[in-house]
Amino acid sequence: MRIRATAAAVFGALALSALAVPTAQAAGTTAPNVTFSKMKVNAGKAITVGATSTVKVKVTYTVTHPSTLSMSGIATGPVLYRGTSAKAADNEFISDDPGTCTKVDATTVNCSATLAVTAADLYDSDAGTWKEGGLAVNTSGGSKWQNDLGTIPVRRAAKLTADATPEPVKKGRTLTVTGKLTRADWTKGTYAGFSGQSVKLQFRKAGTSTYTTVKTITSSSTGALKTTVTAGSDGYYRYSFAGTSTTSSVSAAGDYVDVQ
C-alpha cells in the first residue's frame, strides 16, 4: 500500500491484526521493543514494474525482542521507502497484511510477508534505488519504525521488438532490421519510446542456441531502431537492451530469416 498521508494512516493494515488481540495483552502505548534484521526483499532481485501492473514480492526478515515481551500483541511488516526515513517518507509501500512469523527461540522470530508494488502509485521519477525498512505496531497504536535495512532497485519495465525483412532473402543480399525500444510510463499508464539508448543487434544461427552481437546502434527520439546487415545463413535476428539503473533489461523475440 502506497502511503502519502500522516503516520497514523500507516498503522491501518498492520494494526488490524494486532487490534484483534484482547486489550489485556496490549504491549502498551510506547513503541514495541523489537528490532528488525536480515531483511530480504524479492530475494535481492530488482523489482520490475510494468505500465499498469501490480508486482507482489516476497519479503523475509527476522525480529528480535526481550524474552518478557509477547509477540502475540505485535504486528510487523516490511516497508519500502525513498528518502532518509521510512516514517517521514511521503512515498513508500507497506505490506497490506502483517508478516507471518515463526518462533525460533524466546527472543527471536523469523517472518515472511508479501509486499505489493503498484504502478498506479508510482511516478516515473520513483525509478531507482529504494530503501528497506520495518514497521511494528502494538495493540495500543504504539509503533516502531526501523530504517536502512537494505536497498532494492525498482525499475520501469522495458519492451523491445525486432523485424527483419525481406523474408526469405537471397544470400549476400541486404537485410533491414527494424524495431522499437519502449519503457513503462507509470504516470500515464502506458509504454513510451526510450530514446538515445545503446541496443545490440544479435544473430543466432539456425540449429544453435547462442546469440552473438552483430553491431550496436542507438534508439531514435521515439525509441525506433533500424539497421542493415548482409544475409549469410538461416537464423534469428533480435535486438537486446542491457537496461539502466532505472529501466529493466530486455531482449526481443528472435525473428527467423530463411536465407536462400
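Select Val-137 first: Val-137 stands opposite Ser-143 in strand 9. Strands here are DSSP runs of type E with at least two residues, numbered from the N terminus, and two of them pair if DSSP finds at least two bridges between them. The model is a predicted one, in which local features need pLDDT of at least 70, side-chain atom pairs count only at pLDDT 80 or more, and totals for chains, interfaces and linings use all residues. Residues are numbered from 1 along each chain as its sequence is written, and side-chain values use heavy atoms, with hydrogens and water left out.

**Strand 8 and its partners**

Next, select strand 9 (residues 143-146), which pairs with strand 8 in the antiparallel sense over four bridges. In the hairpin of these strands, four residues lie between them, and Gly-141 takes a positive phi near 90°. Now display strand 8 alone: nine of its 11 residues are buried, where buried means under 20% relative accessible area, exposed over 50% and partly exposed in between, with a 1.4 Å probe and protein chains only.

Add strand 4, which runs antiparallel to strand 8 and is joined to it by eight bridges. Gly-77 is found opposite Leu-135 in strand 8. Strand 10 also pairs with strand 8 in the antiparallel sense, over four bridges; Lys-131 has Thr-151 of strand 10 as its bridge partner.

**The open sheet**

Select strands 1, 3, 7 and 6, which form an open antiparallel sheet in the order 1-3-7-6. Strand 1 and strand 6 (100-105) stand at the edges with a single partner strand each, so one side of each is left without a neighbour in the sheet. Within this sheet, strand 3 and strand 7 are joined by 11 bridges, and Val-59 has Ala-113 of strand 7 as its bridge partner.

**The nonpolar core**

Which residues have the most contacts inside the largest nonpolar core? They are Ile-47, Val-49 and Leu-80, in a core of 32 residues. Such a core is a set of buried Ala, Val, Leu, Ile, Met, Phe, Trp, Tyr and Cys residues joined through side-chain atoms within 4.5 Å. Another core, of 23 residues, lies apart from it and includes Phe-203 and Ile-217.

**Phe-241**

Finally, select Phe-241 in strand 18 (residues 235-241). Is this residue buried or exposed? Phe-241 is buried, with a relative accessible area of 4%. Leaving aside neighbours within four places in sequence, Phe-241 is in contact (heavy atoms within 4.5 Å) with residues including Leu-160, Phe-194 and Val-250. Lys-159 is 82 residues from Phe-241 in sequence and 9.2 Å from it in space, C-alpha to C-alpha.
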